[in-house]
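Q: Please show me, step by step, how to read the features of a structure.
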Amino acid sequence: MTTKQADLPLRENIRQLGDMLGQVLKEQGGEALFRTVEDVRNMAKEARAGSNEAAAGLEKTLTSLDPEMIMPIVRAFSQFLNLANIAEQHHRVRRSREWAADPESPPLRGSLEEAMERLGPHADPDQLYSAICNMEIGLVLTAHPTEITRRTLLQKHNRIASLLDDQDKMDLTPDEKEEVQQCLKREITAAWLTDEIRQRRPTPLDEARWGYAVVEQTLWDAIPRHARRLDRALRRYTGKPLPLDAAPIRFGSWMGGDRDGNPRVTARVTRQACLLARWMAATLYEREINALVDELSVQPVDEDLREQVADAWEPYRVLLKRVRARMRLTVRWVESRLEGREAPNGEAYIHAEDLRKPLLDCYHSLHRSGAGVVAEGRLLDNLRRLSCFGMTLMRIDIRQEADRHTNAVDAITRALGLGSYQEWSEEQRQEFLVRELENRRPLIPYDFEADEEVQEVLDTFAVIAEQGPESLGAYIISMAAKPSDILAVELLQKEAGVQHYLRVVPLFETLADLEGAEDCLQRLLDIDWYRDRIQGHQEIMIGYSDSGKDAGHLTAAWALYQTQERLLACCRRNAVKLTLFHGRGGAIGRGGGPTHAAILSQPPGSVNGTLRVTEQGEVIQAKFGLPGITLRNLELYTTAVLEATLVPPPDPKQEWRDTMDHLSEVAVKNYRGMVRDQEGFVDYFRAATPEQEISGLTIGSRPARRKRGGGVETLRAIPWIFSWTQTRLLLPAWLGVGEALETAQEQGLGDQLHVMFEEWPFFRAFIDMVEMVLAKGDTDVAAQYDRRLVPNELQPLGEQLRQRFRDTLRAVLAVSGHERPLDDFPVVRRSVDVRNPYVDPINRLQVELLHRVRHGNEENLRKALMVAINGIAAGMRNTG
């Protein structure tokens with residue numbers, strides 16, 4: 001079956017949903033709105049096909065719209081793009097199912113079956129089994145402000161996807177088919193009548209609730225289903241089952257714990273987020289225990305369990321009713337702590353093992369009594385959930401800037417009359433910190449009075465001491481650069497009386513910090529106290545966002561690759577196990593991209609069975625919003641880590657390294673030459689993009705800037721990339737790449753670049769991702785922003801950037817050997833082509849809205865501008 005034939009059901013779904021939206025526009029907005037939208041849509045398609053007449057007509061129509069007509073037209077195109085996204089996600093699930101059901105089709109690439117068969121010649125069954133059972137994948141959900149769609153609309157979108165699934169069933173009666181159609185129409189109408197824009201900025205606890213809702217809606221059921229698939233694959237290829245306590249994938253969260261530059265995340269917020277996680281877990285388990293009470297009416301029981309229930313009739317129900325009563329008490333206990341009330345009498349479930357024991361007793365009793373098939377259902381599923389989610393769903397990481405800890409220690413040393421810690425050399429700081437870490441007496445005096453910022457840091461460590469290891473994960477230090485940055489956090493944990501220390505994880509972000517990471521780690525490992533503290537296991541986080549903003553995509557990607565190699569070599573020299581934590585975003589410029597390819601392009605040995613990675617913003621909904629998509633992504637993570645562990649890629653050849661060094665040098669020079677040194681660049685950026693307006697979006701609890709004022713350097717990586725995505729220039733992902741490739745090609749390295757593309761997974765993944773970005777970009781659209789919004793004296797700068805975009809595209813295609821972008825990815829190519837005629841009008845309208853708003857006209861159009869930003873984000877499938 002050709003790609004075009006396979007896509008016929010998708011095109012039919014998009015047409016069907018588009019027709020329904022058209023009906024809703026007529027019914028809710030009137031015939032005039034419907035006709036205008038249709039005229040704009042047709043002109044946009046013709047303009048995209050090359051008609052200058054249609055382009056001129058489209059420009060004239062959109063710039064002359066009455067203010068009251070702009071909002072519904074922006075909303076109409078935004079809603080269509082959301083519906084197209086839903087249809088596309090549903091089609092992905094449908095195609096995966098069709099592929100798996102076809103006996104003539106080979107196993108789907110990246111599936112468990114395909115991976116086991118392909119890896120079989122490289123690993124014996126024991127190696128396969130050990131690699132799966134010892135795998136540690138940590139997916140950390142973060143609340144970075146990139147999920148622009150309101151949760152209430154996401155829920156409607158999920159229901160539309162579920163209805164499309166119902167519609168695909170072959171045995172529907174005519175009445176049932178009609179009912180599905182009516183339900184689809186209702187959901188589309190309800191979405192049209194729902195405000196896309198949040199009325200207030202979400203709080204950190206709102207974000208935490210949203211993260212826990214992802215567990216409830218998909219991950220709660222997907223984890224045991226994934227474990228069943230894994231169990232079947234292991235039995236088939238190794239002859240052994242997945243152990244009951246195995247949890248290859250676990251989840252963490254930064255929601256309610258990430259205080260880096262976000263003053264709204266306080267110690268109180270973190271405490272509340274931990275309790276909310278316990279409440280959600282207890283609520284979900286109570287639901288499951290209720291179902292088990294109904295289900296386990298069976299009589300066969302072994303002697304061990306019989307003794308626990310005193311020979312009762314229906315012994316499993318008797319035991320599980322006790323469990324249910326204690327779980328209900330747990331829910332009330334958590335609620336009382338959330339509300340500040342006195343806790344109820346009785347023993348709540350605090351630790352996962354407390355719940356595991358009675359469930360395991362039931363499981364083993366059923367097996368010993370000949371009813372093992374019953375034990376392998378819901379009961380086993382809940383044992384799997386316990387291994388993954390525990391009693392807290394997700395452990396929350398704490399993240400804070402290194403300077404905040406420095407300020408706290410400085411306040412303490414000043415109060416003690418020891419001088420200013422901030423003014424000490426690095427050697428003096430380390431000597432002081434190690435001495436105090438080895439000293440058992442407290443350092444902070446009982447009458448110590450701190451300012452508000454320092455007190456908040458100390459209060460956070462008090463919450464760490466209070467919550468314990470089941471609620472909290474790691475302590476991430478952003479902008480870490482020196483050993484004292486890590487040792488200061490260890491000292492503050494000690495002073496707070498933390499019994500179970502959080503592992504302290506430095507986050508190396510800028511180019512300079514990445515280059516100094518190995519030296520920092522080696523100096524730490526030279527400290528006897530520290531070696532004893534980590535017990536042979538070090539975790540380090542590497543940041544893709546700020547390194548890309550600092551040095552450009554190419555230079556950052558190569559620096560991140562080399563940093564991983566150096567850290568791995570350092571840990572091997574010191575007999576320390578290394579876990580790398582990848583701080584990736586959704587956009588290509590922030591480390592985003594296809595999961596499978598990204599993992600397999602890492603340096604050899606850097607995965608080795610363990611991987612932590614952030615899942616940010618809109619990526620969470622894209623990967624874990626629908627059950628079928630969720631299962632596929634869990635499978636891709638598992639098989640990619642398995643392959644990277646058992647069959648890592650070969651080391652790159654020295655000539656490839658030399659070429660990458662040269663490419664990196666040219667790329668960073670050109671990137672910084674524009675972003676840092678080019679006169680007028682910051683003014684151009686602010687005029688040509690909606691950067692200033694994006695800060696008004698109520699899409700996240702965190703400010704857009706780390707510090708007030710400043711230029712690009714103080715802007716967070718997310719709005720930096722978000723702004724360029726809106727204008728379709730997507731500058732952060734490619735700036736500097738074209739010049740680097742062109743220089744290498746002029747020096748006769750064209751053939752070598754193509755060999756690197758064919759044979760080196762890292763380089764291929766990089767070129768593929770840049771090519772994908774360039775396919776989504778559009779210099780004609782970007783030029784529209786310049787013509788209407790940019791002062792005349794800055795317009796040559798915009799033309800220069802657009803020419804560099806076109807030059808980069810030619811250079812990238814010369815390396816990949818493709819005639820046009822995405823020749824190797826026809827599905828992505830189709831996706832871009834489908835969306836363009838619907839994103840184009842929103843871009844044009846956004847230009848008009850920005851012009852009117854910036855010139856003080858029609859203040860009421862700000863909301864329409866926010867909807868336009870939403871719509872373009874939906875069409876580009878990326879924000880930041």
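A: We begin with the labels: helices (H or I, at least four residues) and strands (E, at least two) are DSSP runs, numbered from the N terminus. Glu 176, for example, has its place in helix α9. The model is a predicted one, in which local features need pLDDT of at least 70 and side-chain atom pairs count only at pLDDT 80 or more, while totals for chains, interfaces and linings use all residues. Residues are numbered from 1 along each chain as its sequence is written, and side-chain values use heavy atoms, with hydrogens and water left out.

Q: Is Glu 176 buried, partly exposed or exposed?
A: The words depend on relative accessible area: under 20% is buried, over 50% is exposed, and partly exposed is in between (1.4 Å probe, protein chains only). Glu 176 has a value of 36%, so this residue counts as partly exposed. Lys 185 is also found in helix α9, which covers residues 174-192, but Lys 185 is buried, with a relative accessible area of 19%. Along the chain, Lys 185 and Arg 573 are 388 residues apart, and in space their C-alpha atoms are separated by 63 Å.

Q: Which residues form a negative surface patch?
A: A patch is built from residues with over 30% relative accessible area and no salt bridge, where like charges are joined within 9 Å and nonpolar side chains (Val, Leu, Ile, Met, Phe, Trp, Tyr) within 5 Å. The areas come from the Shrake-Rupley method with a 1.4 Å probe, and for residues only the protein chains shown count as cover. Lys and Arg count as positive and Asp and Glu as negative, whereas His and the chain ends are not counted; each charge is placed at NZ of Lys, CZ of Arg, CG of Asp or CD of Glu. Here the negative patch is formed by Asp 171, Asp 175, Glu 176 and Glu 178.

Q: Which residues gather in the patch of positive charge?
A: On the surface, Arg 97, Arg 225, Arg 229 and Arg 232 make up the positive patch. Helix α10, residues 204-238, gives the largest share of this patch, with 3 residues. Arg 225 has its place in helix α10, and its relative accessible area of 44% makes Arg 225 partly exposed.

Q: How many salt bridges does the count come to?
A: A salt bridge is a side-chain nitrogen of Lys or Arg within 4 Å of a carboxyl oxygen of Asp or Glu, and by this rule the count comes to 75. One of them joins the side chains of Glu 59 and Arg 844, at 2.7 Å from N to O. Glu 59 lies in helix α4 (residues 52-63) and Arg 844 in helix α38 (residues 826-854), so this pair ties together parts that are 785 residues apart in sequence. Glu 59 is partly exposed at 34%, whereas Arg 844 is buried at 15%.

Q: Where do Arg 414 and Asp 410 lie?
A: Both are in helix α17 (residues 402-415), 4 residues apart, which is about one turn of the helix. Their side chains meet in a salt bridge, with 2.8 Å from N to O. Arg 414 is partly exposed, with a relative accessible area of 48%, while Asp 410 is buried, with 6%. Salt bridges can also be linked in a network, as is the case for Asp 221, Glu 288, Glu 295, Arg 378 and Arg 385.

Q: How many disulfides does the structure hold?
A: A disulfide is a pair of cysteine sulfur atoms within 2.5 Å, and the structure holds 0 of them. The cysteine sulfur closest to that of Cys 570 is in Cys 571, and the distance of 5.5 Å is too far for a bond. Cys 570 is buried, with 0% relative accessibility, and Cys 571 is buried too, with 1%.

Q: What is the phi of Met 479?
A: Most residues other than glycine have a negative phi. Met 479 is not a glycine, yet its phi is positive, at about 55 degrees. Met 479 lies in the loop between β4 (472-478) and α20 (483-495), where this residue is partly exposed at 27%. Arg 728, also not a glycine, has a positive phi of about 70 degrees; Arg 728 is found in the loop between α32 (717-726) and α33 (737-746) and is buried, with a relative accessible area of 0%.
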